[in-house]
Amino acid sequence: MTKSKFKRKVYHSKILNFQGLEVNVQHKKIKRLYLKICHKNAEVILCAPINISENFIINFISEKLQWIKENQQKIINKIKTFDIEYVESDNIQFLGKNYQIKLQKSSKKPKIYLINNQNMINKTYQENSQLDLFCNASRLDSVHNNQIVFDSIKDLTKIQKIKLLENFYRHNLQEILQIFVKKWQEILQIKANFVRIKKMRTRYGSCNARKKNIWISLNLIHYPIECIEYVLLHEFLHFFEQNHGKKFYALMDKFMPNWRNYQKNFRH
């Protein structure tokens, strides 16, 4: 397998400031320019041939400037989603909607529920309880006054809040997946050995086509339901075509003609 251009030896590098944008320019033994924005810290990295001129690099960055700024901001927003303190008024994304954290002290067993425009949504997660969760939050019209309530008489630590929230996410995502797995297995006339959820920071889904195992990222719970279905179908179609070639995308077009609209949510 060819080694990634971003992992090859750096012969010399410098930080280039261009219209308020910092770009880490790394010169390597390559023939073309390669640009990426790091998922971990939103750093802009440009791999360039060793003997290329700085003017050429500046012109290249200038052409890509709008794309860089837009996608860097997307990554910064995503980092903020994961790097919060889980205190009153912090914001999180849930099924494509923005929710503000509210802390309440009335429940003996810690639980989470959603509020939209002062109305409680009948979707509650309580520790050690059965759930009634396929959340219709993605269909809510208002983006204001949405709250996710942590209700516990005892003070919860940040770790306890994260664990409670992750369980809430996992159960919601599991119920959504059950519906879409049933739908697409019937349409495609294929059966997965399993479809399971796990925490993945850089991927939204993966599969073993030979064993017919599918893994879905817990982070998908932050995206609209349509995006969750898109990722699941993407992995199912790898059972038929393992590579991202013309045949694979022909299948995507056949079964989900507007899949590119959903894919845009994941671009950085």
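How much area does the chain expose, and what share of it do carbon and sulfur atoms supply? The exposed area is about 15700 Å², and carbon and sulfur atoms supply 47% of it. The model on screen is predicted.

**Whole chain.** Start with everything displayed as a cartoon. The secondary structure consists of five helices and twelve strands. The chain has 268 residues, and 44% of them count as buried. Among contacts with a separation of 6 or more, 54% join residues that are 24 or more positions apart.

**Sheet of strands 10, 11 and 12.** Select residues 194-198, 205-208 and 213-217: these are strand 10, strand 11 and strand 12. The three strands form an open sheet with mixed pairing, in the order 10-12-11. Strand 10 and strand 11 are at the edges with a single partner strand each, so each has one side without a neighbour in the sheet. From one strand to the next the twist averages 20°. Strands of a sheet pair through backbone hydrogen bonds, which may be parallel or antiparallel. Between strand 11 and strand 12 the sense is antiparallel, with four bridges.

**Helices across the sheet.** Keep the strands and add residues 158-188, which make up helix 2. Helix 2 lies across strand 10 and strand 12, at about 155° to strand 10. Next add residues 225-237, helix 3. Helix 3 lies across strand 10, strand 11 and strand 12, and runs at about 155° to strand 12.

**Cysteines 207 and 47.** Show the side chain of cysteine 207, which stands opposite isoleucine 214 in strand 12. Is cysteine 207 buried or partly exposed? Its relative accessible area is 28%, so cysteine 207 is partly exposed. Now go to cysteine 47, where the relative accessible area is 0% and the residue is therefore buried. A disulfide is a covalent bond between the sulfur atoms of two cysteines. A search of the whole structure finds zero of them.

**Helix 4.** Select residues 246-255 and show side chains. Which residues of helix 4 are buried? They are Phe248, Leu251 and Met252. These residues cover an arc of only 100° around the axis, so they lie on the same side of helix 4. In general, an α-helix has 3.6 residues a turn, so residues three or four places apart point the same way. To see what the buried residues of helix 4 pack against, add helix 3 and helix 5 (259-263). Finally, turn to the face of helix 4 directed away from its buried side, where the exposed residues Lys246, Lys247 and Lys254 are found.

Key: Residues are numbered from 1 along each chain as its sequence is written. This is a predicted model: local features need pLDDT of at least 70, side-chain atom pairs count only at pLDDT 80 or more; totals for chains, interfaces and linings use all residues. Side-chain values use heavy atoms; hydrogens and water are left out. Two strands pair if DSSP finds at least two bridges between them. Helices (H or I, at least four residues) and strands (E, at least two) are DSSP runs, numbered from the N terminus. Axes are lines fitted to C-alpha atoms, for helices over the stretch in contact, and angles run from 0 to 180 degrees between N-to-C directions. Contact means heavy atoms within 4.5 Å. A disulfide is a pair of cysteine sulfur atoms within 2.5 Å. Buried means under 20% relative accessible area, exposed over 50%, partly exposed in between (1.4 Å probe, protein chains only). The arc is that of the directions from the helix axis to the C-beta atoms. Accessible areas come from the Shrake-Rupley method with a 1.4 Å probe; for residues, only the protein chains shown count as cover.
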